[in-house]
Amino acid sequence: MAIPLLRPGLVAYNGYDSGLGNRIRVTLGGQSLAEAEGRDFFYVWPTGELFGAQFSDLWEYRAPVLTRAVSRLLARRWDYVDHNVSTWLTDAKRRERLWQIRTGSEIALPDGVQPWQDRFRKLVPASQIADRVNRFFDERLRGVPYAGVMVRAHSVSHQRTKDASPVEWFIDKMRAVREREPDIRFFISCDVPEVQARIKREIPGTVGLTDKGGYNTLDGVRSSVTDLYLLASAGQLIGPHFSSFIHLARYLVEDRLPLSTSALDPGPVRSADLPLATDPLRPAARAWA
């Protein structure tokens, strides 16, 4: 594709080792800023062994992509800035032809700019993912109160997450929820199949996707997005500390679901007290009180 120099532009740069949550918030935040400033938008979304899926493999997303090589070439003239927009957005900066934001953090958008979370909720999952979400929801979860449980146990998970949220914590928490709601079902999203199988054995009434593909492969990331919508369609969430993925699920449902982590206790909640999701691809569209 053409190098973005014909009109003022903005490039959102994602690192090769960035996970899904970081990529989503950087890309969509950059797009919001570009539109607010009247700039063409481009994004860098590297794929390979560390992350196998393009944005367009996951959602119907059509913004133009730049390679890392092109972005780095452009950086010789238009260097990267960070997520702290207020520190670099000046009148002089507005006169520059190209902005390149390179960060792993959420872009701190100015007041009045569309939040990236709003864009995220409006994304339409790719058909392969949408079909799998609908099929699993209809077969295992439709019409019943359930809690969404996300476990991070993979060796590449952040050490703070693994230290604060060991597998045993999730098992104890699920048992406590079961004591309050004996008939509740659990949907589990776990990045290690053996750990998921163990939790399903120890906590009856737990369901989850199988055949999810290798970690961060194309199939693996597609399975993660499928998990995301099934988590967001629950009545409460149980997740790991210091992980952005569980918050993606909450954003899909407008932050309305109570979330329990080892560092966050919303108090005793009952999934049956919240309205059931009827469309797992639009988990926020419920009969909220």
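Mentor: Before we read any element, recall that helices are DSSP runs of H or I with at least four residues, that strands are E runs of at least two, and that both are numbered from the N terminus. The model in front of us is a predicted one. With that in hand, look just past helix 12, where E254 takes a positive phi of about 60°.

Trainee: How many residues of helix 12 are buried?

Mentor: A residue counts as buried when its relative accessible area is under 20%. By that cut-off, helix 12, which spans residues 245-252, is mostly covered, with seven of its eight residues buried. The buried ones are F245, I246, L248, A249, R250, Y251 and L252, so a charged residue, R250, appears in that list as well.

Trainee: Turning to the sheets, what is the order of the strands in the open sheet with strand 8 in it?

Mentor: Two strands are taken as paired if DSSP finds at least two bridges between them. In this sheet of five strands the order is 8-7-6-9-10, and the pairing is parallel. At the edges stand strand 8 and strand 10, the latter covering residues 259-260, and each of them pairs on one side only. To follow one of the pairings, take strand 9 (residues 236-238), which is joined to strand 10 in the parallel sense by two bridges; within it, I238 has S260 of strand 10 as its bridge partner.

Trainee: And which strands stand at the edges of the sheet that holds strand 3 and strand 4?

Mentor: That open sheet also has five strands and parallel pairing, here in the order 3-2-1-5-4. Its edges are strand 3 (65-66) and strand 4 (80-81), and since each has a single partner strand, one side of each is left without a neighbour in the sheet. Strand 1 (residues 9-13), by contrast, has a partner on either side in that order: five bridges join it to strand 5 (residues 98-102), which runs parallel to it, and five bridges also pair it in the parallel sense with strand 2 (residues 40-44). A12 shows both pairings at the level of one residue, for it stands opposite I101 in strand 5 and has Y43 as its bridge partner in strand 2.

Trainee: Are the faces of strand 1 covered or uncovered?

Mentor: Both faces are covered, with G9, V11 and Y13 buried on one side and L10 and A12 buried on the other, which agrees with the count of five buried residues out of five for strand 1. A polar residue can be covered too: Q31 in helix 1 (residues 20-36) is buried at a relative accessible area of 14%. Leaving aside neighbours within four places in sequence, Q31 is in contact with F41, Y61 and R119.

Trainee: How many salt bridges does the structure hold?

Mentor: Side chains of opposite charge can pair when their charged atoms come close. This structure holds 13 salt bridges, and the surroundings of the partners deserve as much attention as the distances. K93 and E96 form one of them, with their closest N and O atoms 3.1 Å apart; K93 is buried at 10% relative accessible area, whereas E96 is partly exposed at 29%. In another, R142 meets D138 at 2.7 Å, N to O, and here R142 is partly exposed at 38%, as is D138 at 45%.

Trainee: Where do D227 and K212 lie in the chain?

Mentor: Their side chains meet in a salt bridge of 2.6 Å, N to O. This pair links distant parts of the chain, since D227 belongs to helix 11 (residues 218-232) and K212 to the loop between strand 8 (206-207) and helix 11, with their positions 15 residues apart. Both partners count as buried, D227 at 1% relative accessibility and K212 at 17%. Elsewhere, salt bridges that share partners join E168, R175, R198 and E202 into one network.

Trainee: Finally, what volume has the largest cavity?

Mentor: Rolling a probe the size of a water molecule over the atoms shows where empty space is left. A search of the whole structure finds one cavity of 30 Å³ or more, and the volume of the largest cavity is about 60 Å³. It is lined by 16 residues, of which V144, Y146, S233, L276 and A277 are the closest to its centre. By residue class, the lining divides into 10 nonpolar, four polar and two charged residues.

Conventions:
Residues numbered from 1 in each chain as written. Predicted model: local features only at pLDDT ≥ 70, side-chain atom pairs only at ≥ 80, totals over all residues. Heavy atoms only, no water. 1 Å grid on protein atoms, 1.4 Å probe; cavity = no way out; pocket = protein on both sides within 12 Å on 5 of 7 lines; lining within 4 Å. Points joined across faces, edges and corners; volume = space filled by probe spheres on them. Salt bridge = Lys/Arg side-chain N within 4 Å of Asp/Glu carboxyl O. Buried < 20%, exposed > 50% of the residue type's maximum accessible area, 1.4 Å probe, protein only. Contact = heavy atoms within 4.5 Å.
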